[in-house]
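Me: Please take a close look at one part of the model shown here, a single loop and the elements it joins. I would appreciate a connected account that then sets this part within the chain as a whole.

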Amino acid sequence: MKDTALRHVLERLAAQGVIPHAASALQSGMKGVGAELRKAVLAEIPAFTSSGNPDIVPGLDQHAKDHLDEILRLFSGGAAGDLAFVTAHAHNRAEQRFPLEATLHAYRVAHRVLSHWLREVAIAAGPNNLEQAVAAVADFSIEYTNLISSITTAEYVAHTRMLAEAEGDRRTELLNILLS
């Protein structure tokens, strides 16, 4: 995973004192931001409510919680991780045949919500240099969204190809059976 840019931004946030000082404010605001994320995604992306799959919205809720937990972990001083939950979510969405574009659009909507929240929390943490801290938070939001979007796209496409190959193999086998 290419997370060098994210690691660099986390170092900048630590140098400004945002990490780990913002962690308690992040933790106390997680429930409200989770609700705001859900509301924004469902309002802006009809695919989530019109899919007919009862697992889509609960999957969205769990995925948002996983991201909030990861951001809290990172802002508490944790190192950039493998983001396995993003890979697993993309795998599930591919199996559900949920549109990749809707998932990526949800990340863009989440970016807007999270960047405002993180900016406010960073300001409240009393950084060493407010301007540099706000810039680092903006960079974090961009790098995090880029990274999860890349992971999601790669896993979704790989899993979709695998499903298509398996379907092709089944059709070939069926055709061979019929010809025999």
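Reply: Leu 83 is buried, because its relative accessible area of 4% falls under the 20% cut-off. This residue sits in the loop between α5 and α6. In this predicted model, Leu 83 has a positive phi of about 55°, although it is not a glycine. A second non-glycine residue with a positive phi is Arg 97, at about 60°. Arg 97 belongs to the loop between α6 and α7. Where Leu 83 is buried, Arg 97 is exposed, because its relative accessibility of 61% is over 50%.

The loop that holds Leu 83 joins two helices, and each of them carries a buried histidine to be considered next. On the α5 side is His 67, within a helix that covers residues 56-75. His 67 has a relative accessible area of 7% and therefore counts as buried. What polar contact does the side chain of His 67 make? Its partner is the side chain of His 63, at 2.9 Å. Beyond four places in sequence, His 67 touches Phe 85, Val 86, Tyr 107, Tyr 144 and Ile 148. Two of these partners, Phe 85 and Val 86, fall within α6, which spans residues 84-95. Tyr 107 falls within α7 (100-124), while Tyr 144 and Ile 148 fall within α8 (130-179).

On the α6 side is His 89. This histidine is also buried, because its relative accessible area is 10%. Outside its sequence neighbours within four places, His 89 is in contact with Gly 59, His 63, Thr 103 and Tyr 107. Two residues thus connect the surroundings of the two histidines. Tyr 107 is touched by both His 67 and His 89. His 63 is in contact with His 89 and is the polar partner of the His 67 side chain.

Helix α5 also contains Asp 69, for which the burial is not as complete: at 32% relative accessibility, Asp 69 counts as partly exposed. The side chain of Asp 69 makes a polar contact with the side chain of Lys 65, at 2.7 Å. The C-alpha atoms of Asp 69 and Met 30 are separated by 8.4 Å, although the two residues are 39 positions apart along the chain. Met 30 also appears among the partners of Trp 117, which is in contact with Leu 26, Gly 29, Met 30, Val 33 and Leu 68 when neighbours within four places are left aside.

A further connection involves Pro 20, in helix α2. The peptide bond from Ile 19 to Pro 20 is cis, with omega near 5°. Pro 20 is partly exposed, because its relative accessibility of 44% lies between the two cut-offs of 20% and 50%. Excluding residues up to four places away, its contacts are Phe 75 and Ser 76. Pro 20 and Phe 75 are 55 residues apart along the chain, yet their C-alpha atoms are separated by 5.6 Å.

Phe 75 leads to the nonpolar interior. The largest nonpolar core has 42 residues, and Leu 13, Phe 75, Trp 117 and Phe 140 are those with the most contacts inside it. Helices α1, α2, α3, α5, α6, α7 and α8 each supply at least two residues of this core. The largest share comes from α7, with ten residues. Another core lies apart from it and has eleven residues, among them Ile 56, Leu 60, Phe 98 and Ala 106.

These details belong to a chain with eight helices and zero strands. Of its 180 residues, 40% count as buried. The C-alpha trace spans about 75 × 30 × 20 Å along its principal axes. Among contacts with a separation of 6 or more, 81% are between residues 24 or more positions apart. The chain exposes about 9800 Å², of which carbon and sulfur atoms supply 57%. Finally, the chain has 16 positive and 21 negative charges, and the mean positions of the two sets are 3 Å apart.

Note on methods
Residues numbered from 1 in each chain as written. Predicted model: local features only at pLDDT ≥ 70, side-chain atom pairs only at ≥ 80, totals over all residues. Heavy atoms only, no water. Helix = DSSP H or I, 4+ residues; strand = E, 2+ residues; numbered from the N terminus. Buried < 20%, exposed > 50% of the residue type's maximum accessible area, 1.4 Å probe, protein only. Contact = heavy atoms within 4.5 Å. Areas by Shrake-Rupley, 256 points an atom, 1.4 Å probe, with all protein chains shown as cover. Lys, Arg positive; Asp, Glu negative; His and termini not counted. Charge placed at Lys NZ, Arg CZ, Asp CG, Glu CD. Polar contact = N/O pair within 3.5 Å; in protein donor to acceptor, adjacent residues only side chain to side chain. Core = buried A, V, L, I, M, F, W, Y, C linked by side-chain atoms within 4.5 Å.
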